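Here is a small set of exercises to work through with the structure on your screen. Try each task on your own before reading its solution.

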Amino acid sequence: MIQIGLRAHDYGKLPPEQLADILADYHPESIQLALSKALDPSPGPGALSPGYARRIQKIFERQNISIAVLGCYINPIHPERDEREKALRSFEEHLRCAGDFGCALVGTETGSLNANCSFHPDTQNEQTFDLFCKSAERLLNCAEKCGSIAAIEPVAYQHTISSIEKMQALIERFPTPALGIIWDPVNLMPVDGLRESQQSFFTRTMDAFGDRIMAIHAKDFRMENGRKKGDLPAGTGDFDWPVFLKLLIERKPNIDILLENTRPATARSVIAFLREKAAEAAAG
């Protein structure tokens, strides 16, 4: 039906054995693992190896937790060339070792012309899209050689790939199966709100590139003063979970749904809420 997972770094930066023990208490099916944010010590640049990856994979496997996504969130259009190069090399390193973690996906957002990925007025222009495509081409070539998937997460307003249409344009430019998508529907909603129903938005997204969607990020939102506040735990805002989960069950069964903006204090209630709504959607 559905598989619910956690972002590992939301539960501390810890030695892998200790982190796996903590996460196991919530009974997730999977995790998103950002090595630099979640593991202590974390591997530095150039330190990843198949042996290291297999060790980490086995630690979580003993707790019946699979690694669904390796988080390597970079700014692929960083305004400083040297910093951009470091980021791309890190992502390539993750792609080379992803299979040894038992994982196909390495995930990133698509960046901004500001180093910290905040809003920049020129991020949406054609030249910036072309710059992103240069980085994407390099990463996709690496992914193809390694049998991995570069998983792109579109984000409205401030990032290079900021809409359904921009994501479609990227797929048209790179029709390779090495390009996947992490779908965070709240992140993809316009910051000034939808001009259509949530059901229409979900269906339109799935129709546009549902075959490329490899994992889901789950959180919630409210509109406040005409702007989206999109950093709430799932089930605590205005997101239409019954409609969304029914669509996933029908069209992407058993996809990993990875919770965001959920901490130890809220994780159990959020997991229970999603499982309840998923059961209702499946029965209905």
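The exercises below concern a predicted model, and each is followed by a worked solution.

**Exercise 1. Work out how compact the protein is for its 284 residues.**

Solution. Start with the parts list: ten helices and ten strands. Next, take the radius of gyration, which is 18 Å, and set it beside the 19 Å that the globule rule gives for 284 residues. The two values are close, so the protein is as compact as a globular protein of that length. For the outline, the C-alpha atoms fill a box of roughly 50 × 45 × 30 Å along the principal axes. Finally, look at burial: 53% of the 284 residues are buried.

**Exercise 2. Check whether the length of helix α8 agrees with its number of residues, then find where its buried residues lie.**

Solution. Helix α8 covers residues 198-209, twelve in number. The expected span counts 1.5 Å for one less than the number of residues, so α8 should span 16 Å. Its end C-alpha atoms are 17 Å apart, which agrees.

Now pick out the buried residues of α8: Q198, F201, F202, T205, M206 and F209. Seen down the helix axis, these fall within an arc of 125°, so they line one face of α8. The spacing fits a general rule: an α-helix has 3.6 residues a turn, so residues three or four places apart point the same way. As a last step, ask what covers the buried residues of α8: the cover includes the helices α6, α7 and α9, along with the strands β6, β7 and β8.

**Exercise 3. Which residues have the most contacts inside the largest nonpolar core?**

Solution. The largest nonpolar core has 85 residues, and L33, F60 and F101 have the most contacts inside it. Helix α5 (residues 126-146) gives the most to this core, namely eight residues. Take L33 as a case to inspect: beyond its neighbours within four places in sequence, L33 touches A8, A38, L39, I56, F60, I67, V69, L70 and G71. There is also a second, separate core of eight residues, with V69, L105, I149 and A151 among them.

**Exercise 4. Is G193 buried or exposed?**

Solution. First locate G193, which sits in the loop between α7 and α8. Its relative accessible area is 10%, and the cut-off for buried is under 20%, so G193 counts as buried. Then look across to R227: the two residues are 34 apart in sequence, while their C-alpha atoms are 6.8 Å apart in space.

Definitions and conventions:
Residues are numbered from 1 along each chain as its sequence is written. This is a predicted model: local features need pLDDT of at least 70, side-chain atom pairs count only at pLDDT 80 or more; totals for chains, interfaces and linings use all residues. Side-chain values use heavy atoms; hydrogens and water are left out. Helices (H or I, at least four residues) and strands (E, at least two) are DSSP runs, numbered from the N terminus. Buried means under 20% relative accessible area, exposed over 50%, partly exposed in between (1.4 Å probe, protein chains only). The arc is that of the directions from the helix axis to the C-beta atoms. Contact means heavy atoms within 4.5 Å. The radius of gyration is taken over C-alpha atoms; the globule rule is 2.2 Å times the number of residues to the power 0.38. A nonpolar core is a set of buried Ala, Val, Leu, Ile, Met, Phe, Trp, Tyr and Cys residues joined through side-chain atoms within 4.5 Å.
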